[in-house]
Amino acid sequence: MAFNLFNTNPTSEDQDKKMILNAYRDLMKSMGSSLKRQDKKLIRRAFEIATDAHRHMRRKSGEPYILHPIAVAKIVATEISLGTTSVICALLHDTVEDTELTFDDIEREFGSTYSSIVEGLTKISNVVETNETTQQTENFRKILLTLADDPRVILIKIADRLHNMRTLASMRKDKQLKIASETSFIYAPLAHRLGLYEIKSELEDLSLKYTQEDIFNDIVSKLDNTKNERIAYIEEFITPIKTELDKARVRYDVSYRSKSINSIWNKMKNKKVSFEEVYDLFAVRFILNSKEKKEKEDCWKVYSILTNHYRPNPERLRDWISNPKSNGYEALHTTVMGPEGRWVEVQIRSARMNEIAEKGLAAHWKYKDGDTSKENKLDAWLKSIRELLTNPDSNTLELISDFKTDLFNDEIYCYTPKGEVRVLTKGGTALDFAFDIHSELGKTCIGAKVNYKLVPISHVLKNGDQVEIITSKKQKPHIDWLLYVVTGKAKSRIKYYLKEEKREKALEGQYELEKKLKSFGTPASKENLQILANHFNFDSILDFNYAISTGEFSTKKLRTIGFEGNKITLPAKHQESKKNTRSSTEDNDELSSKQFELILFGSEKGSKIDYKLAVCCNPIPGDDVFGFVTTGEGLKIHRNNCPNAPSLLAQYGHRVVKAKWAKNKEISFLTSIQITGLDDVGVINKITNIISGDLKVNMRSMSIDSKGGIFEGNITVFVKDKDELDKLLKELESLEGINRVRRIDLTEEV
Ligand code: MN
């Protein structure tokens, strides 16, 4: 934290002392009367040490600095429900970093548990304070690693961040922006995953307030203006339910409040609607005062009374009582149709479940005795983080983005043939499931039996599915697999295997190159290899060796270079380079053998350009396209209507190159289509008949999901160009019972 060494505050010393003591008493009061004498003494000691250490420091607002650690300790005690150890560490959290105090001092005074928690907190803040924005992801990784060590570190850190956000107004504008965006990038997702829903909402709202002030203020004032009308509506909604609950002698509290400002803003943004069109601004919450043995029964009783009055949306029932989330969250959620045909979200939970919902992990620990199944889930989650982070070959940025999907997404529960529950990210496939059980199982997976029915590896799993993985020793991971998985674990393992395979293959190229250089009398030193790789336009020595091993690069080309002992003389650089016009199916036979051409406007006519097809939109000849100059991966071709196009054009207009297709040879391109229609027997047969029978198009994969008589299928096919694709779409559309056929984007990073 930034501080001011000089006492510039006009407040007298006595007034400061009074303020500090008041804050301290307030903290002790919030800890409750059941605090043991020994604990009270320890906290007092930590307070004295911290006050003394920070005695010359002030916050940007002018207050004595110690008020910040005291406030953090209070958040830790009251809003996260942690105990004495955490309160003490919160009081000490900035001492080692900002004052003379050392970890040894803390260890001597309190013991090693304390010093290592404070050390964890100091490590995180060291990275946070660097100005490099690129440090942000590295920072996130560090934070997650500490989380896996002792979750208390990250909980105290979240409290620290919450207090800094609450007092952000006194910071400089640029610092505000940086801290606020870091908060929404790192801390809010973490708070969410740890089950600290209240804190998560507050962090997000505060972050919005400092990053998009106009929007924030606008929503706040609109919420104020419509408050009375909304309260009247909800009162009308709950009155009949209350009457019935009283009759049934259920003891409960009911509350309702508007959703967080940030979530309203998200809705407006994602659904492209105005504030007035976001109708489900409220969530109604019933909290039951039931004994633990009866709470499940009571929750369903309330559900039943509620749905006797209002029609529930069957798609929106969430039973987290039978299957709690991995962060311990338990509740029953449903959305029902209220008066005037408006949807209202209702949450039903017991007082015990409510405490877990508000205080997350910590409250969860409090109740954990005896119930090992929940504890195991939490442990399994922490273990999976550790596995992800200690992956030897991971690229931090990718890792973070993979991990963040896991942080934010909902979960589904599937079973092994033996009945063991596995928690997967929503949208998870059979392949995700295989990797979740074991990397080896994932690596060799060729399909699965879901509820005894044979499905492909790309099959999307549903809650409650029983999954048996089928493997083959001959199977190995393919780059396409990245399109079939959603979990961070599966993604990072697949990327790892692909790299491993490439590295093995590249060894052959390396030997060949070394032999060749030896014949010139030139050592195959790392520097020399780098010079050659650069000269022939390869991103790395690995890529260079790999190209030699596949025959893509012939070592005969080395003749153009002058070798004289260790000295290498390079000719003038020309456009000799990798011949890779690869799409996402990198080592696919159909693609690597031949070329198709692309004309870039502004470049010389007929000159061949190296480029790759963007995997986010998989352009095919005939599509309207543009080129984008990437840093490090050369030119990438995107469709004009690629989902990433707006942001690329907006942010990096100067790197965009106009492009169009020149001609097309007999090659195929991978593209995806989505079909929706009425589920009737034989429909799949009809579809495959058109694809592989009539049009003789090569199908790569197909997954069909059907629900309530409607099916949705995703099919990946190889087509020659846009004409062929259009023809295929038209034919499929003309089938009876088919509702809609459209081309879809494969969701992958740019
Ligand atoms: Mn702090």
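**Exercise 1. Where is the place of Asn451, and what is its backbone like?**

Step 1. Asn451 sits in the loop between S9 and S10. Helices (H or I, at least four residues) and strands (E, at least two) are DSSP runs, numbered from the N terminus.

Step 2. This is a predicted model, where local features need pLDDT of at least 70, side-chain atom pairs count only at pLDDT 80 or more, and totals for chains, interfaces and linings use all residues. Residues are numbered from 1 along each chain as its sequence is written, and side-chain values use heavy atoms, with hydrogens and water left out.

Step 3. Asn451 is not a glycine, yet has a positive phi of about 50°. Most residues other than glycine have a negative phi.

Step 4. Asn451 has 40% relative accessibility, so Asn451 counts as partly exposed. The cut-offs: buried means under 20% relative accessible area, exposed over 50%, partly exposed in between (1.4 Å probe, protein chains only).

**Exercise 2. Describe the sheet that holds S9.**

Step 1. Put the strands in order. The open sheet has 3 strands, S10-S9-S11, with antiparallel pairing. Two strands pair if DSSP finds at least two bridges between them.

Step 2. Find the edges. They are strand S10 (453–455) and strand S11 (467–471), and each pairs on one side only.

Step 3. Add the twist. Neighbouring strands of this sheet are turned by 30° against each other on average, direction ignored.

Step 4. Look at one pair. Strand S9 (residues 445–450) and S11 share 5 bridges in the antiparallel sense. Val450 has Val467 of S11 as its bridge partner.

Step 5. Place the helix. Helix H19 (residues 430–437) packs on the sheet and touches S9 and S11. The direction of H19 makes about 85° with that of S11. Axes are lines fitted to C-alpha atoms, for helices over the stretch in contact, and angles run from 0 to 180 degrees between N-to-C directions.

**Exercise 3. Find the donors of the manganese ion and the parts of the chain they come from.**

Step 1. List the donors. The manganese ion is coordinated by His68 (NE2), His93 (NE2), Asp94 (OD) and Asp160 (OD), at 2.2 to 2.4 Å. Donors are N, O and S atoms within 2.8 Å of the metal (3.2 Å for Na, K and Ca); water is not among the atoms, so sites may look incomplete.

Step 2. Read the spacing. In sequence, the donor residues follow H-x24-H-D-x65-D.

Step 3. Locate two of them. His68 lies in helix H3 (residues 67–79), and Asp94 in the loop between helix H4 (84–92) and helix H5 (95–98), so the pair ties together parts that are 26 residues apart in sequence.

Step 4. Check burial. His68 and Asp94 are both buried. H4 is mostly covered too, with 9 of its 9 residues buried.

**Exercise 4. Which residues does His54 contact, leaving aside its neighbours within four places in sequence?**

Step 1. Locate His54. This residue lies in the loop between helix H2 (37–53) and H3.

Step 2. Check burial. His54 has 1% relative accessibility, so His54 counts as buried.

Step 3. Name the partners. His54 is in contact with Tyr65, Ile66, Pro69, Asp94, Thr95, Asp98 and Thr99. Contact means heavy atoms within 4.5 Å. Asp94 is also a donor to the manganese ion.

Step 4. Take one distance. His54 and Asp98 are 44 residues apart in sequence and 7.9 Å apart in space, C-alpha to C-alpha.

**Exercise 5. Trace the pairing of strand S6 and the turn before it.**

Step 1. Start with burial. Strand S6 (residues 343–350) is mostly covered, with 7 of its 8 residues buried.

Step 2. Take the parallel partner. Strand S2 (residues 282–288) runs parallel to S6, joined by 6 bridges. Leu288 has Ser350 as its bridge partner.

Step 3. Take the antiparallel partner. Strand S5 (residues 332–337) pairs with S6 over 6 bridges. Met337 stands opposite Trp343.

Step 4. Inspect the turn. S5 and S6 form a hairpin with 5 residues between them, and Glu340 in the turn has a positive phi of about 60°. Glu340 has 60% relative accessibility, so Glu340 counts as exposed.
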